[in-house]
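Here is a walk through one chain, element by element. Keep the viewer open and follow along.

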Amino acid sequence: MTLAICSRAAFARPQLEGTTMGFGLKTEAHFNAAHFLTDFQGKCENIHGHRWRVVVYLYADTLDTSGENRDMLIDFGVFKKAVREEVAKFDHQFIVERGSLANDTIACLERETFSLLMVDFRTTAENFARYFYTRLTSRGFGVSRVDVYETPNNCAIYYGPCGGPHDGSDASVVHMA
């Protein structure tokens, strides 16, 4: 699996050995949230927010051959709903890497009724891309790629085995509590 930084022009799926043709779908969702980067030297070590944009790509070699999804990769409605459900968990949250704040700081924020969401990963765009990939593949979607934008021009991309089920081997890195 490869992690890469993208530009607006980077739409094409990765070339995989033995794979020359297939079908793809793409949908996206957004969430607004605050975070900070633990142990980072720079402005992102401070609490700041983004309107995160999550773009998910599906891939399959073939289309369904029967039933109501005949000649389709998947019902767009099912795909969009799943992506939006996963993304909605983060909307208007202060996303905090577990262990990055003192317990009394967390208690103070909770007393002030801040919406905290504790995660078991550093809150980088790269880790969010891997998180959404893992969550959606565990739900049975043939995800080939996830882009997570922090700004309109900057995103991280997570590539998985194109269209294949995820084996969960890196799930411990991306778990959310």
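## Starting in strand β5

Let's begin with Val 119, which sits in strand β5. This is a predicted model, and in it Val 119 is buried, with a relative accessible area of 0%. Now look for Val 96: the two residues are 23 apart along the chain, yet their C-alpha atoms are separated by 6.1 Å.

Leu 116 is another residue of β5. Its relative accessible area is 18%, and because the cut-off for buried is under 20%, Leu 116 counts as buried too. Which residues does Leu 116 touch, once neighbours within four places in sequence are set aside? The list runs Gln 93, Phe 94, Val 96, Ile 106, Leu 109 and Glu 110. Take Ile 106 from that list: it is ten residues from Leu 116 in sequence, and the C-alpha to C-alpha distance is 8.3 Å.

## The whole chain

Zooming out, the chain has four helices and seven strands. Reading along the sequence, you get β-β-β-α-β-α-β-α-β-β-α. If you take contacts between residues at least 6 apart in sequence, 67% of them join residues at least 24 apart.

On the burial side, 42% of the 177 residues are buried. The accessible surface of the chain comes to about 9,800 Å², and carbon and sulfur atoms account for 51% of that.

## Helix α1 and its buried side

Helix α1 covers residues 76–88, which makes 13 residues. At 1.5 Å a residue it should span 18 Å, and its end C-alpha atoms are indeed 18 Å apart. The N-terminal end has a cap: a side-chain oxygen of Asp 75 lies 2.7 Å from the backbone nitrogen of Gly 77.

Which residues of α1 are buried? They are Phe 79, Ala 82, Val 83, Glu 86 and Val 87. These residues cover an arc of only 125° around the axis, so they are on the same side of α1. The general background is that an α-helix has 3.6 residues a turn, so residues three or four places apart point the same way. As for the cover over the buried residues of α1, it includes β2 (23–35), β3 (48–60) and α3 (125–138).

## Helix α3, mostly enclosed

Helix α3 has 14 residues and reaches 20 Å from its first C-alpha to its last, close to the 20 Å expected at 1.5 Å a residue. Eleven of those 14 residues are buried, so α3 is largely enclosed by the rest of the structure. The buried residues include Phe 128, Tyr 131, Phe 132, Tyr 133 and Leu 136, and also polar or charged names such as Asn 127, Arg 130 and Thr 134. After α3 comes Gly 140, with a positive phi near 95°.

## Two nonpolar cores

The largest nonpolar core has 31 residues, and the members that touch the most others are Phe 31, Phe 90, Phe 132, Val 146 and Val 148. Elements giving two or more residues to this core are β2, β3, α1, β5 (116–119), α3, β6 (143–151) and β7 (154–159). The largest share, seven residues, comes from α3.

Val 148 is a good one to click on. Beyond its neighbours within four places in sequence, its contacts include Trp 52, Arg 53 and Val 54, then Ala 125, Phe 128, Ala 129 and Phe 132, and also Cys 155 and Ala 156. There is also a second, separate core of seven residues, with Phe 94, Ile 106, Leu 109 and Leu 116 among them. Leu 116 is the β5 residue from the opening section.

## Two loop residues with positive phi

Most residues other than glycine have a negative phi, which makes two loop positions worth a look. Asp 71 lies in the loop between β3 and α1, and its phi is positive, near 65°. Is Asp 71 buried or exposed? It counts as exposed, because its relative accessibility is 53% and the cut-off is over 50%.

The other position is His 92, in the loop between α1 and β4 (93–97). His 92 is not a glycine, yet its phi is positive at about 55°. With a relative accessibility of 57%, His 92 counts as exposed.

Key
Residues numbered from 1 in each chain as written. Predicted model: local features only at pLDDT ≥ 70, side-chain atom pairs only at ≥ 80, totals over all residues. Heavy atoms only, no water. Buried < 20%, exposed > 50% of the residue type's maximum accessible area, 1.4 Å probe, protein only. Contact = heavy atoms within 4.5 Å. Areas by Shrake-Rupley, 256 points an atom, 1.4 Å probe, with all protein chains shown as cover. Expected span 1.5 Å × (residues − 1). Arc of directions from axis to C-beta. Polar contact = N/O pair within 3.5 Å; in protein donor to acceptor, adjacent residues only side chain to side chain. Core = buried A, V, L, I, M, F, W, Y, C linked by side-chain atoms within 4.5 Å.
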